[in-house]
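Colleague: Could you take a close look at one helix for me and tell me how it sits among its surroundings? I'd like the long version, neighbours and cross-links included.

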Amino acid sequence: MGAGPQKHYTVQQQPPAGSCHYRYEHGEPLEDRACTPGAISPAVTQANLKSTICRKGGYTSGVRPSAYVTGKEKRLNAASYGYTGRMADAEYDHLISLQLGGDPNDPRNLWVEPADPGHKKGAGVNNRKDPVETKLHTAVCAGQITLAAAQQAIVTDWNTALTALHLGS
């Protein structure tokens with residue numbers, strides 16, 4: 001459990017440089033589970049979905065830290081993971097996305113996600129995790145799966161989350 005949304009975010013301390021290591025499943029880069037185990041926001045619960053992540057008009061823009069804070073954290077986290085690629089091609093990603101009730105600025109929930117294999121350098125952020133997050137969000141808001149099930153599936157392996165929850169692939 002993280003701190004949840006804050007009025008003023010500060011740059012969070014990141015794991016020591018070189019202490020985190022990517023792992024790969026199905027050819028996709030995944031987070032180091034010791035460095036980035038995920039953290040949920042206490043502000044989002046199964047009971048309040050309609051007033052938080054499922055509300056009309058959106059939720060994430062109101063809880064997302066500023067680019068000033070995340071930009072500094074992204075550079076520090078890249079050092080944690082030993083990421084040396086173009087920063088513009090990597091995403092400072094919430095393991096449990098904001099649309100699934102992930103904590104907005106807990107360092108346990110954020111990691112520098114490199115571009116997918118085969119990504120053209122300089123083409124900007126590109127990853128296959130984002131559509132999975134959106135499908136899980138849609139299923140949670142439709143009552144097809146619980147919030148906790150979606151959060152656990154994304155933390156276990158986002159590559160298999162949809163299949164594990166019988167939502168297709």
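Modeller: Here is a walk through helix α3, followed by the parts that connect to it or to its neighbours. Keep in mind that this is a predicted model.

Let's start with the helix itself. α3 covers residues 129-141, which makes 13 residues. From its first C-alpha to its last it reaches 19 Å, close to the 18 Å expected at 1.5 Å a residue. Just past it comes Gly 143, with a positive phi near 80°.

Now, which residues of α3 are buried? The list is Lys 129, Val 132, Glu 133, Leu 136, His 137, Ala 139 and Val 140. Look down the axis of α3 and those buried residues fall within an arc of 165°, so they line one face of the helix. As for what covers them, the cover includes strands β3 (91-94) and β4, together with helices α4 (147-157) and α5 (161-164).

The end of α3 carries a cross-link. Cys 141 is in helix α3, and its partner Cys 54 is in the loop between β2 and α1, 87 residues apart. The two form a disulfide with the sulfur atoms 1.9 Å apart. The torsion about their S-S bond is about -90°, so this disulfide is left-handed. Neither end is buried: the cut-off is under 20% relative accessible area, and Cys 54 has 22% while Cys 141 has 33%. Both therefore count as partly exposed.

That bond is one of two disulfides in the whole structure. The other joins Cys 20 and Cys 35, whose sulfur atoms are 2.1 Å apart. Here the torsion about the S-S bond is about -105°, so this one is left-handed as well. Cys 20 lies in the segment before β1 (23-25) and Cys 35 in the loop between β2 (28-30) and α1 (60-63), 15 residues apart. Cys 20 and Cys 35 are both buried. Counting bonded cysteines along the chain, the pattern is 1-2, 3-4.

Back to the cover over α3, because β4 is part of it and has a story of its own. The structure holds three aromatic pairs. In one of them, Tyr 81 and Trp 111 sit 6.2 Å apart, centre to centre, with 45° between the planes, so the pair counts as tilted. This pair links distant parts of the chain: Trp 111 belongs to strand β4 (residues 110-113) and Tyr 81 to helix α2 (residues 67-81), 30 residues apart. Are these two rings' residues buried or exposed? Tyr 81 is buried at a relative accessible area of 5%, and Trp 111 is buried too, at 0%. Tyr 22 joins Tyr 81 and Trp 111 in one aromatic cluster.

Since α2 has come up, one more stop there. Leu 76 is also in helix α2, and at 45% relative accessibility it counts as partly exposed. Leaving out residues up to four places away in sequence, Leu 76 touches Val 11 and Gln 14. Leu 76 and Ala 17 are 59 residues apart in sequence, yet their C-alpha atoms are 7.8 Å apart in space.

To pull the helix together: α3 has its buried residues along one face, with β4 among the elements covering them, and Cys 141 ties α3 to the loop between β2 and α1.

Technical notes: Residues numbered from 1 in each chain as written. Predicted model: local features only at pLDDT ≥ 70, side-chain atom pairs only at ≥ 80, totals over all residues. Heavy atoms only, no water. Phe/Tyr/Trp six-rings, centres within 6.5 Å; stacked < 30°, edge-to-face > 60°. Helix = DSSP H or I, 4+ residues; strand = E, 2+ residues; numbered from the N terminus. Buried < 20%, exposed > 50% of the residue type's maximum accessible area, 1.4 Å probe, protein only. Expected span 1.5 Å × (residues − 1). Arc of directions from axis to C-beta. Contact = heavy atoms within 4.5 Å. Disulfide = S-S within 2.5 Å.
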